[in-house]
Amino acid sequence: TTWRKIVNGIPPNKNIISMTRHPSGILFASSANGGVLRSLDSGESWQLTPSTQLGIVKCLFAKSNGFIFAVTQSNGLFRSSNSGYTWSQLYYDYDINSITESASGNLFVNRESTIYKSTNDGISWQHLTWMMYDDILASDNFNTVYIAGISYIYRSFDQGNNWQSILWGNNYNSLQVTSDSIIFVGMTGYDAIKRSTNYGASFSYYSMYGKNVQKLFLLGDQY
């Protein structure tokens, strides 16, 4: 596997911190310097979207019905229904850290170590449970929801009503789950990725040979 740097349309010093793929195939990326970028050609070129009211976007998420959600650093939660051309504010609290969707179409967010669920595309939210840290959420096509903290990973088979521990230890800083429930976990300080193909019953260890894993991105199921 080889890698090449893409610079077409990406302004200098734009450190990418989040990416998502719209159901139409459009890619979106956010920068630590502020702004949301959009690519119509699988990442070959990028354009800035009119998203100045968002500020810095910590996390982008494209829902299966086409809505795009932007978790911002200081302006709350926003939603776009037109591929990022305009945005509307849904939630004013800026302490949201992660967002995902279950196969049933429910949204889950982590706010101040508390998990919330929305059944109406972010209009209203239901409190589910409290976790220890500001966690990372992910889900698959079988309505399984996963959450990773600094030193643990939990799993829920019932839309977040009950949670089971599946992994402890290490410094987990990134979590991605494919539609068929293959789990990838990035570990800070261990230069490695963990992978599970059985809903987290066991994990394989893959060394990154000195490359500290900061963030994992999953675009579709092309992992």
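# Strand sheets, ring pairs and a charged network

F157 is partly exposed, with a relative accessible area of 45%. The model in which this residue is seen is a predicted one, and the values given below are computed from it.

## Aromatic pairs

A pair of aromatic rings is described by how far apart the centres lie and by the angle between the planes. The chain has two aromatic pairs. In one of them, F67 and F69 have ring centres 6.4 Å apart and planes at 65°; the pair is therefore edge-to-face, as an angle over 60 degrees counts as such. F67 is buried, at a relative accessible area of 18%, and F69 is buried as well, at 0%.

The other pair is formed by F157 and Y199, whose ring centres are 6.0 Å apart and whose planes meet at 70°, so this pair is also edge-to-face. F157 belongs to the loop between β15 (152-156) and β16 (164-168), whereas Y199 belongs to the loop between β19 and β20; the pair therefore ties together parts that are 42 residues apart in sequence. Y199, like F157, is partly exposed, with a relative accessible area of 30% for Y199.

The table sets out the accessibility of these ring residues together with that of T49, which is discussed further below.

| Residue | Relative accessible area | Class |
|---|---|---|
| F67 | 18% | buried |
| F69 | 0% | buried |
| T49 | 8% | buried |
| F157 | 45% | partly exposed |
| Y199 | 30% | partly exposed |

## Charges over rings, and T49

F67 has a further partner: R79 lies over the face of the F67 ring, at 4.2 Å from the ring centre. A similar arrangement involves R38, whose charged end sits over the ring of Y85 at 4.1 Å from the centre of that ring.

R38 also takes part in the surroundings of T49. T49 is located in the loop between β4 (47-48) and β5 (57-62). Once neighbours within four places in sequence are set aside, T49 is in contact with V36, L37, R38 and G84. T49 counts as buried because its relative accessible area is 8%, and the limit for a buried residue is under 20%.

## The sheet β5-β6-β7-β8

Four strands, in the order β5-β6-β7-β8, make up an open sheet with antiparallel pairing. Its edge strands are β5 and β8 (88-91), each of which pairs on one side only. On average, neighbouring strands in this sheet are turned by 25° against each other, direction ignored. Within the sheet, β6 (residues 68-72) and β7 (residues 77-80) run antiparallel and are joined by four bridges. One residue of this pairing is A70, whose bridge partner in β7 is F78.

## The salt-bridge network around K63

Two salt bridges are counted in the chain. In one, E101 pairs with K63, and the closest N and O atoms are 3.7 Å apart. E101 is part of strand β9 (residues 96-101) and K63 is part of the loop between β5 and β6, so this salt bridge ties together parts that are 38 residues apart in sequence. E101 and K63 are both buried.

In the other salt bridge, K63 pairs with D121, with the closest N and O atoms 2.9 Å apart. This pair links distant parts of the chain, since K63 is in the loop between β5 and β6, D121 is in the loop between β11 (114-118) and β12 (126-130), and the two are 58 residues apart. Both K63 and D121 are buried. Through shared partners, the salt bridges join K63, E101 and D121 into one network.

## The hairpin of β10 and β11

Strand β10 (residues 107-111) pairs with β11 in the antiparallel sense over five bridges. The two strands form a hairpin with two residues between them, and E112 in the turn has a positive phi of about 50°. Across the hairpin, F108 stands opposite K117 of β11. β11 is mostly covered, five of its five residues being buried. T114, Y116 and S118 point one way from β11, while I115 and K117 point the other way.

## The sheet β17-β18-β19-β20

A further open sheet consists of four strands in the order β17-β18-β19-β20, with antiparallel pairing. β17 (172-177) and β20 (204-207) are at the edges with a single partner strand each, so one side of each has no neighbour in the sheet. Neighbouring strands here are turned by 20° against each other on average, direction ignored. β19 (residues 192-196) and β20 run antiparallel and are joined by four bridges. In this pairing, I193 has Y206 of β20 as its bridge partner.

Technical notes. Residues are numbered from 1 along each chain as its sequence is written. This is a predicted model: local features need pLDDT of at least 70, side-chain atom pairs count only at pLDDT 80 or more; totals for chains, interfaces and linings use all residues. Side-chain values use heavy atoms; hydrogens and water are left out. Two strands pair if DSSP finds at least two bridges between them. Axes are lines fitted to C-alpha atoms, for helices over the stretch in contact, and angles run from 0 to 180 degrees between N-to-C directions. Rings of Phe, Tyr and Trp (its six-membered ring) pair if their centres lie within 6.5 Å; planes under 30 degrees apart count as stacked, over 60 as edge-to-face and the rest as tilted. Buried means under 20% relative accessible area, exposed over 50%, partly exposed in between (1.4 Å probe, protein chains only). A charge sits over a ring if NZ of Lys or CZ of Arg is within 6 Å of the ring centre and within 35 degrees of the ring normal. Contact means heavy atoms within 4.5 Å. A salt bridge is a side-chain nitrogen of Lys or Arg within 4 Å of a carboxyl oxygen of Asp or Glu.
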